[in-house]
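Please open the structure in a viewer and follow the selections below in order. Each stop names what to select and then describes what is found there.

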Amino acid sequence: MDIFIQQILNGLVLGSIYALIALGYTMVYGIMGLINFAHGEVVMVGGMVTVSVVSALMAAGLGLPPLALILIGLMVAVAACMLLGFTIERVAYRPLRKAQRLAPLITAIGVSIVLQQLAILVWGRNYIPFPPILDHDVIQIFGASITRLQMVIIVLCLAIMGGLLLVVEKTKLGRAMRATSQNPAVAGLMGVNVNTIISATFVIGSALGAIAGLMVATNYEQVHYYMGFMIGLKAFTAAVLGGIGNLAGAVAGGILLGIIESLGAGYIGDLTGGFLGSHYQDIFAFAVLIVVLIFRPSGLLGEKMADRA
Amino acid sequence: MNTMTKQPASAKKVATFVASAIVLAVLPFIVGGTFGNSWVRTLDFALLYVMLALGLNIVVGFAGLLDLGFIAFYAVGAYTFGLLASPHFSLDMPFWITLPLGALFAAMFGVMLGTPVLKLKGDYLAIVTLGFGEIIRIFLNNLNAPVNLTNGPQGINLITPIEVAGFSFGKPHEFFGITFNGVYMYYYLFLALTVLVVIMAWRLQHSRIGRAWVAMREDDIAAAAMGINIRNIKLLAFALGALSGGVAGGLFASFQGFISPESFGLLESIMILAMVVLGGMGNIPGVILGAVVLTVVPEVLRDVIGPLQMATFGKMIIDPENARMLLFGLALVVMMLVRPEGMLPSKRRKAEFEDAKEGV
């Protein structure tokens, strides 16, 4: 039972990070119908920039407390990623808005390759450890343990997601975003500046990605130029699982995927009599996805698409 | 129904055909003679990728089903060949068993993937195929325990080269006093099979099935109302696409002599998709061009970047591998921005694209 709770807690940590990244995918998808394959790389850049800034500040010897270091690093990372997201949309997606559906998918992949290679140029090919300022205090819950840091990750993710939902549901910007996602042309006629809204979506999504990048970096205590790829893929899977384009769906899908993955990794050996080991962890995400989509073709919370587009 | 074949071939067409046949026949000698045998190898790979891209084009271009896990079928073909003709299981089956068997298995996997996802549309389908591709790769990577099926990450070594009546494609041979390296032999073998795949794709496109695919791609409900069995033609698209992938996979295994799960990652699937989209989705000459360009360009970059840096700066400023991928990524973006409809779009797509631009 202890193991069960432990795996649930691990899953929650992982899942809330997935959810945060999934929101970035799902917002862009909801508005433009585009799989933003470069989003995983934005997460990577977020993690990398934070680590660099924190390391640089420590090397400067200002004697700042760890929390201040991380906050400054995060602010720089968020700003950098917002700029990056804005640029990506302007350069690689906007010119192709009226092109065939797959054209922006290919530029997204191109951008993703470029960002990875730039990251190699700047940060090298090796794993970079997170500076040793992290708190490793452990809290016991029902016999399972979780670090304070992980608690912070979960709470922060939930708070940010709540905030985003409020923005989308209650503000003028959110209303414009929803209108654009329903019908960009008509939204434009109603006085919504569609270009601004799309840019705003990318900027917000990238900011969330930067925060997620920091969380991945602190959770695994290292960063790497390739770290955005798999986690981006999982997060996108989570977004689809929840029903792509649906914000609550992305959150539900992310958390569900995290929990399923860590439960799966913990129990697969027992379930299959040792035949399949925990290195099959990555299969769970995709297997669950396939099963869910067979029964609910538009995801868990996705609206049932009418057969006529 | 097919009026194309009934018209007498015009003199111009015959001339083009003969000219391209001659060019393709002497190409490896020109390339090999000027740049060395490693470039003939690149040509061989270009042909493999043409087969793969044409296979994917059936699924994505003709039938309009976005498949991000196409490399799985390549893997199935390659592993079928590798396992049946290597010391791993101490088997040495001839290629005329392993190659068709690989293609058959790949087609079966295509149907296996297609059946549960029949109801999925657009990007939901894309992500499921992506997951399917990853699942296959993870299994290949881990099925070395408890029973060693795939030899895990180490992959399978010493795969038998293709051999016809004692004539091995893996060894150098002498004709007319000139020694031909294995890469030349494989070039002609691949060329022959590529031509077969092109003919298959061409005939399919202009057949009843091809028109059914287009109808389904444009509007599946209207197509169903016209009496097209959507389920069957969808599965057929998956199966036939996978078949080409499986053949290419088997050829790859015998050509390379070594396969490991690393060759079958998501990036490979994406590259093949990029070939299809960049070349001109749904248009066979376009897809061929896309595959050749995206195979040759990275190799040219590999050869050019290092010496160029040495010549201009006198030292390596950027790691060549790094610079190569960077330029490749940029090239993908720029090429797509310059020609969003692909290098050689099909007439239908081109028309659609122009309509969209004018906002019709």
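What should the 23 residues of helix 5 of chain A span at 1.5 Å a residue, and how far apart are its end C-alpha atoms? The expected span is 33 Å (1.5 Å times one less than the number of residues), and the end C-alpha atoms are 32 Å apart, which agrees. Helices here are DSSP runs of H or I with at least four residues, strands are runs of E with at least two, and both are numbered from the N terminus.

This is a predicted model, in which local features need pLDDT of at least 70 and side-chain atom pairs count only at pLDDT 80 or more, while totals for chains, interfaces and linings use all residues. Residues are numbered from 1 along each chain as its sequence is written, and chains are lettered from A and ligands numbered from 1 in the order in which they are written.

**Chain A: helices 5 and 8**

Select residues 148–170 of chain A, which form helix 5. Its buried residues (20 or more other C-beta atoms within 10 Å of their own, with C-beta atoms placed from the backbone) are A:Gln150, A:Ile153, A:Cys157, A:Met161, A:Leu164 and A:Val168.

Add helix 8, residues 194–220 of chain A: the axes, which are lines fitted to C-alpha atoms over the stretch in contact, come within 11 Å and cross at roughly 165°. The two helices are therefore roughly antiparallel (an angle over 145 degrees). The contact (C-beta atoms within 7 Å) involves A:Leu149, A:Ile153 and A:Ile160 of helix 5 of chain A, and A:Leu208, A:Ile211, A:Met215, A:Thr218 and A:Asn219 of helix 8 of chain A.

**Between the chains**

Now display both chains: 40 residues from chain A and 37 residues from chain B make the contact. On the chain A side, helix 4 (103–123), helix 9 (227–242) and helix 11 (281–295) each supply at least two residues. Helix 4 of chain A gives the largest share, 12 residues.

**Chain B: helices 4 and 6**

Move to residues 71–84 of chain B, helix 4, whose end C-alpha atoms are 20 Å apart, in agreement with the expected 20 Å. Of its 14 residues, 14 are buried, so helix 4 of chain B is largely enclosed by the rest of the structure.

Add helix 6, residues 122–142 of chain B: its axis comes within 8 Å of that of helix 4 of chain B, and the two cross at roughly 30°. That makes them roughly parallel (under 35 degrees). Here B:Ile71, B:Ala72, B:Ala75 and B:Tyr79 meet B:Phe132, B:Gly133, B:Ile136, B:Arg137 and B:Leu140.

Notes
A residue is buried if 20 or more other C-beta atoms lie within 10 Å of its own, exposed if 12 or fewer, and partly exposed in between; C-beta atoms are placed from the backbone. Axes are lines fitted to C-alpha atoms, for helices over the stretch in contact, and angles run from 0 to 180 degrees between N-to-C directions. Angles under 35 degrees count as roughly parallel, over 145 as roughly antiparallel, 65 to 115 as roughly perpendicular and the rest as oblique. Two residues are in contact if their C-beta atoms, placed from the backbone, lie within 7 Å.
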